[in-house]
Amino acid sequence: MTKTLGIIGGGQLGMMLTEAAKKMPEYISDVIVLDPTPKCPAARVGAKQIIADFKDKNAIVELSLQSDLITYEIESGDSKVLESLHGEVSINPSPSTLKIIQDKFLQKQFLRQNNIPVAEFDAIESLEDLERKIIQYQYPALLKARRDAYDGRGNFKIEDHSQIHAAYQQFSGRDTMIEKFVDFKMEVSVIAARNIHGEIATYPLVENIHKNNILEITIAPARVDSKISAEADRIAKKTMDVLHGAGVFGIEMFVTKDDKVLVNEIAPRVHNSGHHTLQSSKTSQFEQHLRAILGLPLGSTNLKHTTIMCNILGPSDFFGKYKPISLEQKDGVYLKMYHKDEAKPQRKLGHFNVVDEHDTKDVEKLLEKTRQIKNSIRFIQN
Ligand code: AMP
């Protein structure tokens, strides 16, 4: 019997999940998304839409009534509401996993309890508590908002004593934690999947380059030696094992200057650093997520070719409607736009993949080509 898939969130991740679902008509007949933006990206590719806030209890209940299984493309759904529905509809990753991940402190505590390496951290209860603890952590240290923080917006890097007050003020009224600053040499991630029967599969380690706290480029595979990629893979598999969640997870990590691998953060969903899989792998992360939550055997995670993904973000001085982005899609270049009519600075509007289809393995050249393409993209007011 085919199923109706409900997704909390209908942005670009929901859009690419919808596109993957449309290629599996023998399992999924309909997709319905809950998203506050009318004509959200997922709705543009054929998903039905409930227009409401991600945390709107009635809307989540409505979504559950219309769906056979529920998943999410954002982690900010109301885990309490989801928990109350869990018996009635299949929800993956499970609301209990979501609850741990939604709170950075609980997430790190969970990882540490399971002997998964993370940077030193602690909860902060008051300004005095921060003043006391930062002596032990030394400068710089990070003050992080525990919830609802993404793309670096919930972090304050405290460089010296004079900034403690400003850091604490910035997150006034929110729960916070302190974390040791990791002087990393590279940011990396593993896209990992676990299906409802417990089968686990990981994609090769990728390297992530951020600009202004937002992912700019992903290089698949990461330029690290095999010992580091094996260690990252071991940590990712162990994380999936202890988390018990079903679906695809993005596990972000640091490689330290002395070649240790630390987990920074887990996203309980398909992940921006997995977009390369649309071209680089037989099974994309979007199909893999659906396979995982449907209970199908997981697909191949082998990289067919070295691939670089580059995000297309709204330019810093551009607001409003823009003419379609043109890009010559040949020689291993693939463009994916997200059907967002209006640009604003730093908004994720699309991405392109540059695939090393002739297996030159010349990553520097591939990077140069990627940057050239990126610089050639023009936003023109429409
Ligand atoms: P987050 O939102 O916590 O994942 O952090 C966003 C970005 O901040 C990461 O991609 C890192 O570049 C940086 N960051 C986060 N935590 C640390 C840390 N403990 N040490 C150094 N940089 C960090």
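Visitor: In what order do the 5 strands of the open sheet stand, and is the pairing parallel or antiparallel?

Guide: In general, strands of a sheet pair through backbone hydrogen bonds, in either a parallel or an antiparallel manner. Here the order is E3-E2-E1-E4-E5, with parallel pairing. Strands are DSSP runs (E, at least two residues; helices are H or I, at least four), numbered from the N terminus, and two strands pair if DSSP finds at least two bridges between them. Strand E3 (48–50) and strand E5 (90–91) each have a single partner strand, so one side of each lacks a neighbour in the sheet. This is a predicted model: local features need pLDDT of at least 70, side-chain atom pairs count only at pLDDT 80 or more, and totals for chains, interfaces and linings use all residues. Residues are numbered from 1 along each chain as its sequence is written, and side-chain values use heavy atoms, with hydrogens and water left out.

Visitor: Over how many bridges do strands E1 and E2 pair?

Guide: Strand E1 (residues 3–8) pairs with strand E2 (residues 28–34) over 6 bridges. Ile8 stands opposite Leu34 in E2.

Visitor: Which polar side-chain atoms lie close to an oxygen atom of the ligand, and at what distance?

Guide: A polar contact is a pair of N or O atoms within 3.5 Å; within protein, one must be able to donate a hydrogen and the other to accept it, and residues adjacent in sequence count only if both atoms are side-chain atoms. For Glu187 the distance to a ligand oxygen atom is 2.6 Å, and for Asn155 it is 3.1 Å. A polar side-chain atom of Lys144 lies 2.9 Å from a ligand nitrogen atom.
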